[in-house]
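Open your viewer and follow this tour one selection at a time.

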Number of protein chains: 2
Amino acid sequence: MAELKYEITEHIAILSESPKGWHKELNLISWNGRDPKYDIRDWAPNHEKMGKGVTLTEEELNNLKSVLLKKG
Amino acid sequence: MAELKYEITEHIAILSESPKGWHKELNLISWNGRDPKYDIRDWAPNHEKMGKGVTLTEEELNNLKSVLLKKG
């Protein structure tokens, strides 16, 4: 399998915790040495495993913020 | 392959559009007939294919909103 290198450059927030201790988190993550992107994803305790997630650019995160504000 | 049934119950917002016409969207989606959850995901034009994404509960979305507001 190909290797995926990543570094969590900023732990921003934990959005929820499951009964098994997985966290849904918002972080800034650098994938394969590239510029960090925002990332919403499930993580096992101590970040030992990652679940599915989405990466968001600064612009996408700002759009999301505007939408959530309008949504009230 | 197992079948995954889903219904987009509310199109909330398009967060971005790629050069190939894929959209990153925030929607409310019901998966396999369950109560709808918030969903951030990439979609091909006309929702013909879905990319990776995350589902968020109402509580997780509210937490995300609070975090984005504090972040400024």
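One term comes up at nearly every stop: contact means heavy atoms within 4.5 Å. This is a predicted model, in which local features need pLDDT of at least 70 and side-chain atom pairs count only at pLDDT 80 or more, while totals for chains, interfaces and linings use all residues. Residues are numbered from 1 along each chain as its sequence is written, chains are lettered from A and ligands numbered from 1 in the order in which they are written, and side-chain values use heavy atoms, with hydrogens and water left out.

**Stop 1: chain A.** Select chain A and show it as a cartoon. You will find one helix and four strands in chain A. Helices (H or I, at least four residues) and strands (E, at least two) are DSSP runs, numbered from the N terminus. Trace the sequence of chain A and the pattern reads β-β-β-β-α. Along its principal axes, the C-alpha trace of chain A spans about 40 × 35 × 20 Å.

**Stop 2: both chains.** Now add chain B. A turn of 180° with a shift of 0.0 Å along the axis lays chain A on chain B, with an RMSD of 0.0 Å. That is the relation of a two-fold axis. In chain A, select Gly53(A): its C-alpha is the nearest to the axis, 2.6 Å away. The superposition uses least squares on the C-alpha atoms of residues with pLDDT of at least 70 in both copies.

**Stop 3: the interface.** How many residues does the contact take from chain A and from chain B? It takes 24 from chain A and 24 from chain B. The copies meet through the same surface, because 100% of the interface residues of chain A are also interface residues in chain B. About 2,200 Å² is buried between chain A and chain B, and carbon and sulfur atoms give 71% of that area. Highlight Leu15(A), Lys65(A) and Leu68(A): they supply 25% of the area that chain A buries against chain B, more than any other three residues. Buried area is the accessible area (1.4 Å probe) that two parts lose on being put together, summed over both.

**Stop 4: the helix pair.** Select residues 58–71, helix α1, in chain A and in chain B. Leu61(A), Leu64(A), Lys65(A), Leu68(A) and Leu69(A) meet Leu61(B), Leu64(B), Lys65(B), Leu68(B) and Leu69(B) here.

Technical notes:
Axes are lines fitted to C-alpha atoms, for helices over the stretch in contact, and angles run from 0 to 180 degrees between N-to-C directions.
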